[in-house]
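Trainee: I have a structure open beside its sequence, and I would like to learn how to read it feature by feature. Could you take me through it slowly?

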Amino acid sequence: MSKLVCKKCVLDSDIPGIQINEDTGLCHFCETYAPLTSQEKNEYLSRIGELFKQYRGKGNYDVIYALSGGKDSSYTLYKLKKDYPFLKIRAVQFDNGFTSENAIKNAQKMCKITGCDYFQLTMEKEVLYNTFRKAAESYDAFPKFAKYRASDICNVCITIIKQKLIEQAILQKAPFIIFAFTAGQSPNPIINLSVNFIQWSRNLFEKQLQKIGVDDKDEMFLLKKEVLENIGENVPSILHPLCLWDYSEDKVLETLLEIGWEPPGISDSNSTNCTLNSFACYNHLEKYGFHPYAFDVAGLVRSGEMSREEGLEKINQELSQPLIEEAARKLKLKIKSSQKVIVKI
Amino acid sequence: MEQIRNDIVDYLKANSFMDNNSSLNDNDSLTQKGIIDSIGLLELMDYICEKYSIEIPEDLLTPENFDSLQGITNMITKLAK
C-alpha cells in the first residue's frame with residue numbers, strides 16, 4: 001500500500017505504529033485530539049499563579065529553570081519574569097559538551113536581562129561523549145513511545161537534565177521546576193511529583209543507562225540517592241507554562257531579537273543551541289527510519305501553533321552535513337560518507 | 001475487571017505505546033517490556049484518573065500497582081469502589 005500522510009498533521013503511515021484512516025485521511029492522534037480550550041488554558045494559568053503566590057519565598061529559590069539558551073527556553077524565561085516578576089529563579093544550563101558558544105552567551109545574557117541566577121551544570125567531556133556514543137550505538141534501549149518523542153541521544157540528554165533539575169530543586173528547596181516545552185512536547189501543564197514517582201523514574205533511568213552500557217555508579221547523571229533520601233517535605237512540581245501561552249515561532253524570535261538574544265549561527269532547523277542535534281536526528285533516521293521531530297512538529301501543527309506547510313518543510317529539511325560530521329568525529333563514530341541526509345516523508 | 005484490563009490495553013494501543021498486533025500478559029512489566037517510561041507513566045496516570053474519576057494517592061504509586069495490567073486493574077478496582 002502506498003504511503004499515506006495525515007491530512008491534518010505531518011505523520012505518515014510509514015512510521016511504525018501510525019495508522020491513517022483512509023476515509024477521513026487523519027492519523028489516529030488527530031482523530032482523537034482534544035486540545036485544551038482557551039478557558040482550560042486560562043484556568044491552568046490561574047492555578048499556576050496561585051501556586052506561585054502560595055509557595056514562593058520558602059526556599060533558596062522559587063524556581064529551578066531549565067535554560068538551554070535556545071529560543072523557546074530563552075523566551076519562556078523572559079515571559080515568565082515579565083508575568084511573575086516576584087519569582088526568584090535559578091536558571092540551570094546543562095552543557096552537554098555540544099552546547100554552542102552562542103547558546104552559552106545567550107543563556108547568560110537572558111539571565112542578566114531577567115535578573116535570574118545562572119548556573120552551569122556540566123561534566124567531563126569524555127564521559128559525556130562516551131555516553132552519547134553508547135546511546136547512538138544502542139537499538140531499542142528506550143520504549144517505543146520515547147522513540148517517538150526524541151532520538152535516543154536526546155532522550156538520554158533530557159533525562160539527565162530532568163534528574164539533575166529535580167536534584168537541584170530538592171537541594172535548593174525550590175517548589176517548582178519549569179521547562180519550556182511546547183504543546184507538542186509536554187503531557188501536562190502541571191505535574192505534581194511524589195517521592196514514589198521520583199524514585200521510580202530514577203530507577204527506570206538507571207536501567208535505561210545500563211541497557212546502553214553505562215553504569216552510573218557515581219550518580220553523575222542520576223539523581224543522587226542521598227539527596228532523595230533527605231527530600232523531606234520539599235517535593236517539587238513541574239510546570240510547563242509555554243504550552244499554555246500563544247505560541248508562534250516568528251513571534252518568539254521577534255521578541256527575543258528585540259531584547260538582545262543573538263541568532264544561533266548553527267545551521268540546524270530543529271535546534272538553536274545544540275550542535276549534536278543534527279547527528280542525533282541522522283542517527284535516529286538511520287536506526288528507525290523516521291524523523292525524531294516528526295511527533296513534536298505534528299503536535300505543533302495539530303494544535304495550530306505551526307502551519308502544516310511549515311511543519312512539512314521543517315522535517316523535510318536537509319540535515320546539516322558539517323554538524324553531523326563534527327559530532328561524529330567527537331563521538332568517534334562513522335557516518336555514511338558524503339551522503340545527503342534528506343528526511344523522507 | 002476484564003473491562004478495565006481491555007480499556008488499558010486499548011489506550012496503550014490507541015496512543016502508540018504498543019503495536020496493535022502485539023499482546024500483553026497480565027503480569028508482564030510495562031517498563032521492562034519497553035512499553036512505558038516515566039513520561040508514559042504520567043500520561044497513563046492522567047488517563048486512568050480521568051476515565052475512572054479517581055485520584056491516585058501517592059502511596060499507591062508504586063511498581064506493584066502500576067507496572068502491570070494486573071496491578072493497574074486491581075488498583076483501579078480498589079479506588080473506584
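Mentor: We will go from confidence to burial, contacts, a pocket and backbone angles, with the general idea before each case. This is a predicted model, in which local features need pLDDT of at least 70 and side-chain atom pairs count only at pLDDT 80 or more, while totals for chains, interfaces and linings use all residues. Residues are numbered from 1 along each chain as its sequence is written, chains are lettered from A and ligands numbered from 1 in the order in which they are written, and side-chain values use heavy atoms, with hydrogens and water left out.

Trainee: What is the mean pLDDT of chain A, and over which residues does pLDDT stay under 50?

Mentor: pLDDT is the predictor's confidence in each residue, from 0 to 100. For chain A the mean is 91, and 96% of the residues reach 70 or more. Over residues 339-345 of chain A, however, pLDDT stays under 50, and for that stretch the model has 25 contacts beyond four places in sequence, where contact means heavy atoms within 4.5 Å.

Trainee: How should I read burial, and is A:Phe221 buried or exposed?

Mentor: Buried means under 20% relative accessible area, exposed over 50%, and partly exposed in between, computed with a 1.4 Å probe on protein chains only. A:Phe221 has 2% relative accessibility, and therefore counts as buried. A:Phe221 lies in the loop between α8 (195-211) and α9 (225-229) of chain A; helices (H or I, at least four residues) and strands (E, at least two) are DSSP runs, numbered from the N terminus. Beyond four places in sequence, the residues that A:Phe221 touches include A:Met123, A:Ile160, A:Phe205 and A:Leu209. The C-alpha atoms of A:Phe221 and A:Leu209 are separated by 9.3 Å, and the two residues are 12 apart along the chain.

Trainee: Which side chain makes a polar contact with that of A:Ser237?

Mentor: A polar contact is a pair of N or O atoms within 3.5 Å; within protein, one must be able to donate a hydrogen and the other to accept it, and residues adjacent in sequence count only if both atoms are side-chain atoms. The side chain of A:Ser237 is joined to that of A:Asn192 by such a contact of 3.0 Å. A:Ser237 is in strand β6 (residues 237-239) of chain A and counts as buried because its relative accessibility is 11%. Among the other residues in contact with A:Ser237 are A:Pro175, A:Phe176 and A:Ile191.

Trainee: Where is A:Thr99, and which backbone oxygen lies 3.5 Å from a polar atom of its side chain?

Mentor: A:Thr99 sits in the loop between β2 (89-95) and α4 (101-114) of chain A, and the backbone oxygen in question belongs to A:Phe94. A:Thr99 is buried, because its relative accessible area is 14%.

Trainee: How do I compare distance along the chain with distance in space, taking A:Glu262 and A:Asn106?

Mentor: You set the two separations side by side. A:Glu262 and A:Asn106 are 156 residues apart in sequence and 6.6 Å apart in space, C-alpha to C-alpha, and A:Glu262 is in contact with A:Asn102, A:Asn106 and A:Lys109, leaving aside neighbours within four places in sequence. A:Glu262, at 36% relative accessibility, counts as partly exposed. For another pair, the C-alpha atoms of A:Glu229 and A:Gln39 are separated by 40 Å, with their places 190 residues apart along the chain; A:Glu229 is in helix α9 of chain A.

Trainee: What is the volume of the second largest pocket, and which residues are closest to its centre?

Mentor: The second largest pocket has a volume of about 320 Å³. Of the 15 residues that line this pocket, the closest to its centre are A:Tyr55, A:Pro175, A:Glu233, A:Asn234 and A:Val235. On a 1 Å grid over the protein atoms alone, a pocket is an open set of points where a 1.4 Å probe fits, with protein on both sides within 12 Å along at least five of seven lines, and lining residues have an atom within 4 Å of a point. Grid points are joined across faces, edges and corners, and a volume is the space filled by probe spheres set on the points.

Trainee: What is phi near in A:Lys332 and B:Ser53?

Mentor: Most residues other than glycine have a negative phi. Phi of A:Lys332 is near 55°, a positive value, and phi of B:Ser53 is near 50°, also positive. A:Lys332 lies in the segment after α14 (321-331) of chain A, and B:Ser53 in the loop between α2 (38-52) and α3 (63-66) of chain B. A:Lys332 is exposed, with a relative accessible area of 62%, and B:Ser53 counts as exposed at 65%.
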